[in-house]
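Colleague: I should like to go through this structure with you, one question at a time. Please give the reasoning before each result.

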Amino acid sequence: MKETPIDASIVNEKITRSGLTNVGRASIREIRTLINEIEQASGKKFIRMEMGIPGLPAAQIGIDAEKAALDGGCASFYPSIEGIPELKVEISRLIKLFVDIDVSPRGCIPCTGSTSGSFISFLVAGRMNPEKDTVLFLDPGFPVHKQQLNVLGIKQTSLDVYEYRGEALREALENILREGNISSILYSNPNNPTWICFTDTELRIIGELATKYDVVVMEDLAYFTMDFRKDYSIPGRPPFQPSVGKYTDHYILLISSSKAFSYAGQRIGVIAVSNALFERDVPTLNRYYTQTKFGLAAIYGAAYAVSAGVTHSAQYGLAALLKATNDATYRFIDDVKIYGERAKVMKKDFLDNGFYIVYDKDEDEPIADGFYFTVAYPGLTGEELITELMPYGISAISLSNTGSKRLEGIRACVSLVSDEQLPELRERLALFHKNQGAGWSPH
Ligand SMILES: Cc1ncc(COP(=O)(O)O)c(C=O)c1O
């Protein structure tokens, strides 16, 4: 048997013991547990690309503001559900300065991570019209969003945008919206898992069709301004983070602090409801909420029911971070652009060793280097590739639970790969490629 960096018999034994009938289809957490066990049994470290978690220290400005708020006694009071005023103002400023659209502080509501922001948004946008009972995902997407709709009992459908970039998106999207059953559309931009970024052409199409078919657009900006091909770092100065908010009135922006500020542990994010949607009176919301105005139903109905407010100190922390960002005294982009630099090196290593990028372009332009990328290896499905790479000490997730139709692909996340591991990644990929070329598999 040929050598692999990790003894293949240990890998095979742990896979059998895990009870997973198909490792390639396992969830991120299941893969994580399996890899932990293989690492422990083999004494060898994996190059871990399965988890999409920040790999940097949390932004200090936030920590300091939280400490001060706790010392000031905020822990003993319930925070107001709509958010502390200073945070609401800074969210509104952030959106003006970096996206160049106006959202009143009234519609800027903190949530316990943008994951809860989408949950709250589904609870309201998904229930505005009994005939519109389905949420449309522009996929690939974040599996938790799909799980949220399962939990809520709200129907979902999906459009994998791979073949429908640029103008081609219009017909594909309109064919679905014409059915009349779609309440809302959700996508992330930059996208998890592929790091594609919708262009202004595509955002205009989404916005125009959303207006035409009276659909709410939920734009998940979990990776706010992290398309490093452009310099979005200077407040109030173009270019701005592209957004559907330029092209429709009925939208919700979901902004996470987890990646931009490496603030994932504090579970705080932002729901920004457009002014027109906030004020919209939707009488049928009275089936669930005492308020029928969209924004008030979202705050006093949905957000109250979900978490009754967001941790007080975390609100002060995020307010301080956003204020420093808006005042240009703190440039979070400088901290996180390391992800782009690392992705560039890692992608090259994959490409040099027989892999190809699956979601490779935004219209005509190669995708940006960022937090994630998708790769495939000729002749293997994504699920097979996950298993084949394990004895080489490389872990990732397949695209099968992301709504992607490109089942040859796997998602690689760069955040937990250290610079010291990069030469090792290169060596391991080269060995994998050599063995594959010789028709040899460790399984
Ligand atoms: C597209 C997308 N949306 C939302 C989230 C969750 O963000 P938060 O930590 O703010 O809940 C993530 C995190 O990985 C994500 O990739």
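Colleague: This is a predicted model. Between which two strands does the loop that holds Gln-266 lie?

Modeller: The model is indeed a predicted one. Gln-266 belongs to a loop flanked by two strands, residues 251–256 and residues 269–273. These strands are β7 and β8.

Colleague: Is Gln-266 buried or exposed?

Modeller: A residue is counted as buried if 20 or more other C-beta atoms lie within 10 Å of its own. Gln-266 has 22 C-beta neighbours inside 10 Å, and therefore it counts as buried.

Colleague: Which residues does Gln-266 touch, not counting those up to four places away in sequence? How many Å separate Gln-266 from Ile-63, C-alpha to C-alpha?

Modeller: With those sequence neighbours left out, Gln-266 touches Thr-311, Ala-314 and Gly-317. Ile-63 is 203 residues away from Gln-266 in sequence. In space, the C-alpha to C-alpha distance between Gln-266 and Ile-63 is 9.8 Å.

Colleague: Turning to β8, how many of its residues are buried?

Modeller: Gly-269, Ile-271 and Val-273 point one way from β8, and these residues are buried. Val-270 and Ala-272 point the other way and are buried as well. The number of buried residues in β8 is thus given as five of five.

Colleague: With which strands does β8 pair, and which residue of β8 is the bridge partner of Leu-254?

Modeller: Strand β2, residues 108–111, pairs with β8 in the antiparallel sense over four bridges. β7 also runs antiparallel to β8, and five bridges join these two strands. The bridge partner of Leu-254 in β8 is Ile-271.

Colleague: Which residues of β2 stand on each side of that strand, and which residue of β8 is the bridge partner of Ile-109?

Modeller: β2 is covered on both faces: Cys-108 and Pro-110 are buried on one side, and Ile-109 and Cys-111 are buried on the other. Cys-108 stands opposite Ala-272 of β8. The bridge partner of Ile-109 in β8 is Ile-271.

Colleague: How many residues does the largest nonpolar core have, and which helix gives the most to it?

Modeller: This core has 133 residues, and Ile-185, Ile-252, Ala-272, Ala-298 and Ala-412 have the most contacts inside it. Helix α11, residues 312–326, gives the most to this core, with seven residues. Domain 1 and domain 2 each supply at least three residues to this core. In short, the core has 133 residues, and the helix is α11.

Colleague: Which residues are in contact with Ala-272, leaving aside its neighbours within four places in sequence?

Modeller: Ala-272 is among the residues with the most contacts inside the largest nonpolar core. Beyond its sequence neighbours, Ala-272 is in contact with Ile-91, Ile-95, Val-103, Gly-107, Cys-108, Ile-252, Leu-253 and Ile-255.

Colleague: How is the chain divided, and how many Å apart do the C-alpha centres of domain 1 and domain 2 lie?

Modeller: Domain 1 covers 8–54 + 335–437, and domain 2 covers 60–326. Contact between them involves 25 residues of domain 1 and 28 residues of domain 2. On the side of domain 1 that touches domain 2, there are 10 nonpolar, eight polar and seven charged residues. The C-alpha centres of the two domains lie apart by 29 Å.

Colleague: Which strands stand at the edges of the open sheet of four strands?

Modeller: The order of this antiparallel sheet is β9-β12-β15-β14. Two of these strands each have a single partner strand, so one side of each is left without a neighbour in the sheet. These edge strands are β9 and β14.

Colleague: Which residues surround the ligand most closely, and what is the make-up of the shell by class?

Modeller: The ligand is surrounded by 13 residues, and the closest are Gly-113, Thr-115, Asn-192, Ser-256 and Ser-258. By class, the shell has three nonpolar, nine polar and one charged residues.

Colleague: Which prolines are joined by a cis peptide bond to Asp-139 and to Asn-192?

Modeller: Most peptide bonds are trans. The bond from Asp-139 is cis, with omega about 5°, and leads to Pro-140. The bond from Asn-192 is also cis, with omega about 20°, and leads to Pro-193.

Colleague: What is the phi of Trp-195, and is this residue buried or exposed?

Modeller: Trp-195 is found in the loop between β5 and α8. Its phi is positive, about 65°, although Trp-195 is not a glycine. Because Trp-195 has 29 C-beta neighbours inside 10 Å, it counts as buried.

Note on methods: Residues are numbered from 1 along each chain as its sequence is written. This is a predicted model: local features need pLDDT of at least 70, side-chain atom pairs count only at pLDDT 80 or more; totals for chains, interfaces and linings use all residues. A residue is near a molecule or strand if its C-beta atom, placed from the backbone, lies within 6 Å of it. Ala, Val, Leu, Ile, Met, Phe, Trp, Tyr, Cys and Pro count as nonpolar, Asp, Glu, Lys and Arg as charged, and the others, Gly among them, as polar. A residue is buried if 20 or more other C-beta atoms lie within 10 Å of its own, exposed if 12 or fewer, and partly exposed in between; C-beta atoms are placed from the backbone. Two residues are in contact if their C-beta atoms, placed from the backbone, lie within 7 Å. Two strands pair if DSSP finds at least two bridges between them. A nonpolar core is a set of buried Ala, Val, Leu, Ile, Met, Phe, Trp, Tyr and Cys residues joined through C-beta atoms within 7 Å. Domain bounds come from an automatic or database domain assignment.
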